[in-house]
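Good morning, and thank you for joining me. I would ask you to look at the structure now being shown, and then to follow me through its strands and one of its helices.

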Amino acid sequence: MPAEFTPLTVRIPTAVRMTGIGRSKLYELIAAGEIEIVKIGAVTLIPVASLQALIARNTR
């Protein structure tokens, strides 16, 4: 595996840091279907592409 790679998914705390969106707002966006999630067992992951798409949709 290469030493550097771009992750496909991130956990909630990382998504908060990446976007600057608060944790509560992030959960609101998930509930509204604005951000996709991947559930693997008890772990909630957010596809980085979903975060990028959210930013792109809201860029003015």
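In which sense do strand S1 and strand S3 pair, and over how many bridges? Strand S1, residues 9-11, and strand S3, residues 43-47, pair in the antiparallel sense over three bridges. Before I continue, this is a predicted model, in which local features need pLDDT of at least 70, side-chain atom pairs count only at pLDDT 80 or more, and totals for chains, interfaces and linings use all residues. Residues are numbered from 1 along each chain as its sequence is written, and side-chain values use heavy atoms, with hydrogens and water left out.

As for terms, helices (H or I, at least four residues) and strands (E, at least two) are DSSP runs, numbered from the N terminus. Two strands pair if DSSP finds at least two bridges between them.

Within the pairing of S1 with S3, Arg11 stands opposite Leu45. S3 also pairs with strand S2, residues 38-40, in the antiparallel sense over three bridges, and here Lys39 faces Thr44. Two residues separate S2 from S3 in a hairpin, and Gly41 in the turn has a positive phi of about 65°.

I turn now to helix H2, residues 23-31. Leu26, Leu29 and Ile30 are buried there (under 20% relative accessible area, 1.4 Å probe, protein chains only; exposed is over 50%, partly exposed in between). Seen down the axis of H2, the buried residues fall within an arc of 100°, taken from the directions from the helix axis to the C-beta atoms, so they line one face. The face turned away from that buried side carries the exposed Ser24 and Ala31. Finally, H2 is followed by Gly33, with a positive phi near 80°.
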